[in-house]
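Student: I'd like to learn how to read a structure like this one. Can we go through it feature by feature?

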Amino acid sequence: MHIRRDVKVGLSVAAAVVWVGAVTLLIVHEPDPGAGSPAELRDRLAAALSGHDADSFADLLDYPGSGGDDFAKDYVSVLADRGVHDVRVELGPDSGAPTRATVSGALGDGKPFSYPLTVTSEDGRWTVAFTPPLP
């Protein structure tokens with residue numbers, strides 16, 4: 001009787017160790033948020049907004065707390081509802097070390113739109129934030 005219980009406990013402990021190890025490996029191999037360069041940020045941001053891709057957009061956000069994924073889903077949903085297309089992103093004032101990304105494109109009815117986003121950089125990763133740029 002004790003042998004069966006010992007085997008069950010041993011298998012349970014082994015399964016738990018394997019599960020913790022697998023989760024740890026997934027976390028370690030998860031890419032850091034943001035882009036590796038300003039040019040990559042520009043290209044990935046334009047593609048994410050043009051394609052209404054919430055996951056790709058969320059990967060580029062400097063969003064406080066844990067609500068970035070929900071914010072990204074809501075944001076691209078509004079873009080899709082408005083028929084946003086032909087999105088372009090320009091970085092400035094210095095494209096090599098930008099502090100601002102200007103997003104522009106066309107709405108579903110053909111009217112143009114444009115708005116600025118703050119560009120942030122930390123540990124070599126470039127992201128955008130929905131905070132007003134500092135003067």
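Student: How many salt bridges does the structure hold?

Tutor: A salt bridge here is a side-chain nitrogen of Lys or Arg within 4 Å of a carboxyl oxygen of Asp or Glu. This structure has two of them. Before we look closer: this is a predicted model, where local features need pLDDT of at least 70 and side-chain atom pairs count only at pLDDT 80 or more, while totals for chains, interfaces and linings use all residues. Residues are numbered from 1 along each chain as its sequence is written, and side-chain values use heavy atoms, leaving out hydrogens and water.

Student: Okay, which residue meets Glu40 in a salt bridge?

Tutor: That's Arg44, at 3.0 Å, N to O. Both sit in helix α2 (residues 38-50), four residues apart, about one turn of the helix. Helices (H or I, at least four residues) and strands (E, at least two) are DSSP runs, numbered from the N terminus.

Student: And the other pair?

Tutor: Asp43 bridges to Arg42, with the closest N and O atoms 3.0 Å apart.

Student: Is Asp43 buried or exposed?

Tutor: In between. Buried means under 20% relative accessible area, exposed over 50%, and partly exposed in between (1.4 Å probe, protein chains only). Asp43, at 44%, counts as partly exposed, and so does Arg42 at 31%. Over in the other bridge, Glu40 is partly exposed at 30%, and Arg44 is partly exposed at 28%.

Student: Now the sheet. What is the order of its strands?

Tutor: Two strands pair if DSSP finds at least two bridges between them. Here you get an open sheet of four strands, β1-β2-β3-β4, with antiparallel pairing. β1 (85-92) and β4 stand at the edges with a single partner strand each, so one side of each has no neighbour in the sheet.

Student: How many bridges join β2 to β3?

Tutor: Seven, with β2 covering residues 100-106. For one example, Gly105 has Phe113 in β3 as its bridge partner.

Student: Last one: which residues line the largest pocket closest to its centre?

Tutor: On a 1 Å grid over the protein atoms alone, a pocket is an open set of points where a 1.4 Å probe fits, with protein on both sides within 12 Å along at least five of seven lines; lining residues have an atom within 4 Å of a point. Of the 21 lining residues, the closest to the centre are Pro33, Gly34, Asp59, Leu61 and Thr127. The largest share from an element, three residues, comes from β3.
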